[in-house]
Each structure stands twice: as C-alpha cells, then as structure tokens.
Amino acid sequence: MGIANAPYQAKSGDKMIKDEAVSLLRRRIKPDEYEIIRQLWIDHSKAEDARDIPGLMETLTEDCVYVYPQTGERWEGHEGATRFYTDLLTAVPDIHFDLQNIVIGPQGVYEEARATGIPVTAWLGKPAGEPIDFMISIYFPWDPEKKKFQGERMYIMNLDEKFSV
C-alpha cells in the first residue's frame, strides 16, 4: 500500500507511514522527470479548468485515490475520481481555483489555492446559493513508474468546522 493509499487515521508514530515518508524523501529528481511532472500538472489543471473529466483521468493512475483526510471521505480509482469531479462540477459549476503556491518534486506536486464559487446545490455542508471562499492544500502523489498522479489528498481550510484541522 503506497502512501497515497495509506490509512489517514494512522498515528504519527506508525512505522509504515514513517517508512513511506523516508522513502519519498530519498527520491532523487532527474531534470526530465521534473519536466514530465510539471507538464502533467499543467495538463491536469487545464483539464480541470475546461471541465474535461476524461482529460483529468488521463493524468491519473487507474488506482488513484481522492481523499479529504479531515473527514475520511474517499473516492477510489477512475470511477471514484470521475464521481468526485462530477459531484464537484455539478454542485459548483463556476468553481475557480486561484493558485497561491506550488512545489514540484520527485514525490509529486503540492499546491495551495483559493477556491471560490457559488454552489447550485448543497455541497460540503454549504447550501445552494451561498458563496464559498476557502483555501485548499492539495498533494498530488507521483507514481514514477506509471508517470501519472496517484490522486489528490485535499485539505480544506476556512470552510466550516467539518474541515477544521
């Protein structure tokens, strides 16, 4: 089980999690791999902006995992990721992510963004019609063999108590 699929309720001292983290830390980056990761993140972001779900799936491993660690909600595989994006884009069709920070390395991509929009249906505890404006930190774990992202680990801040850290 890779770190992208690791249980999120694990205790900080859990040896498996520590071993995975040390393994990730020891990854070395090659200039060509950096460019591949960077370009795939750009492709992913463009597909998201275009609401192109098949384009998004092209950037993800078949066994990808989308998760909100704060709540434990998970979506697994392309079927789950498609459901995640369909639900998100149906509920908040005008959602916009304004990139604030980004780090790209051999472990994947980490980004911080400001998300805004107006849900047309209830979403993450917010009623339809109430504007949303929150910060989100997203980790895209990298699979160096498949050369794709293993999903997204998304931490939402300032939405409501459900997502408090």
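**Exercise 1. The nonpolar core**

Identify which residues touch the most other members of the largest nonpolar core in this predicted model, and state which elements supply at least two residues of this core.

*Solution.* Of the 36 residues that make up the largest nonpolar core, W123 and F149 are the ones that touch the most other members. The elements that each supply at least two residues of this core are the helices α2, α3 (53-57) and α4 together with the strands β1 (60-68), β4 (108-117), β5 and β6. The model is a predicted one, and the steps below follow F149 outward from this core.

**Exercise 2. The contacts of F149 and T61**

List the contacts of F149 beyond its neighbours within four places in sequence, and then decide whether T61 counts as buried or exposed.

*Solution.* With neighbours within four places in sequence set aside, F149 is in contact with I37, L40, W41, T59, L60, T61, C64, V109, F140, P141 and W142. One of these partners, T61, has its place in strand β1. The relative accessibility of T61 is 1%, and because buried means under 20%, T61 counts as buried. Under the same exclusion of sequence neighbours, the contacts of T61 are H78, D143, K146, K148, F149 and Q150.

**Exercise 3. Aromatic pairs**

Work out how the rings of F140 and F149 are arranged, and how those of W75 and F84 are arranged.

*Solution.* A search of the whole structure finds nine aromatic pairs. In one of them, F140 and F149 have ring centres 5.4 Å apart and planes at 55 degrees, an arrangement that is tilted; both F140 and F149 are buried. In another, W75 and F84 lie 5.0 Å centre to centre with 65 degrees between the planes, and because an angle over 60 degrees counts as edge-to-face, this pair is edge-to-face. W75 and F84 are likewise both buried, and they belong to one aromatic cluster with Y66, Y68 and Y85.

**Exercise 4. The largest pocket**

Describe the lining of the largest pocket by residue, by element and by chemical class.

*Solution.* The volume of the largest pocket is about 190 Å³. Its lining consists of W41, H44, S45, E48, D49, F97, D98, L99, E111, I138, F140 and E152. At least two lining residues come from each of α2 (31-49), β3 (96-105) and β5 (132-143), and α2 provides the largest share, with five residues. By class, the lining divides into five nonpolar, two polar and five charged residues. Both W41 and F140 appear in this lining and also among the contacts of F149, a link between the pocket and the core residue of the earlier exercises.

**Exercise 5. The largest cavity**

Determine how many cavities of 30 Å³ or more the structure holds, and characterise the lining of the largest cavity.

*Solution.* The structure holds one cavity of 30 Å³ or more, and about 90 Å³ of space lies in the largest cavity. There are 14 lining residues, and those nearest the centre of the cavity are F84, L88, F97, I136 and M154. The elements α4 (77-91), β5 and β6 (148-157) each supply at least two residues of this lining, which divides into twelve nonpolar, no polar and two charged residues. F97 is named in the lining of the largest pocket as well as in that of the largest cavity.

**Exercise 6. L124 and L88**

State how far apart L124 and L88 are in sequence and in space.

*Solution.* L124 has its place in the loop between β4 and β5, and its relative accessibility of 11% means that it counts as buried. L124 and L88 are 36 residues apart in sequence, while their C-alpha to C-alpha separation in space is 9.5 Å.

Terms used: Residues are numbered from 1 along each chain as its sequence is written. This is a predicted model: local features need pLDDT of at least 70, side-chain atom pairs count only at pLDDT 80 or more; totals for chains, interfaces and linings use all residues. Side-chain values use heavy atoms; hydrogens and water are left out. On a 1 Å grid over the protein atoms alone, a cavity is a set of points where a 1.4 Å probe fits but cannot get out, and a pocket is an open set with protein on both sides within 12 Å along at least five of seven lines; lining residues have an atom within 4 Å of a point. Grid points are joined across faces, edges and corners, and a volume is the space filled by probe spheres set on the points. Helices (H or I, at least four residues) and strands (E, at least two) are DSSP runs, numbered from the N terminus. Ala, Val, Leu, Ile, Met, Phe, Trp, Tyr, Cys and Pro count as nonpolar, Asp, Glu, Lys and Arg as charged, and the others, Gly among them, as polar. A nonpolar core is a set of buried Ala, Val, Leu, Ile, Met, Phe, Trp, Tyr and Cys residues joined through side-chain atoms within 4.5 Å. Buried means under 20% relative accessible area, exposed over 50%, partly exposed in between (1.4 Å probe, protein chains only). Contact means heavy atoms within 4.5 Å. Rings of Phe, Tyr and Trp (its six-membered ring) pair if their centres lie within 6.5 Å; planes under 30 degrees apart count as stacked, over 60 as edge-to-face and the rest as tilted.
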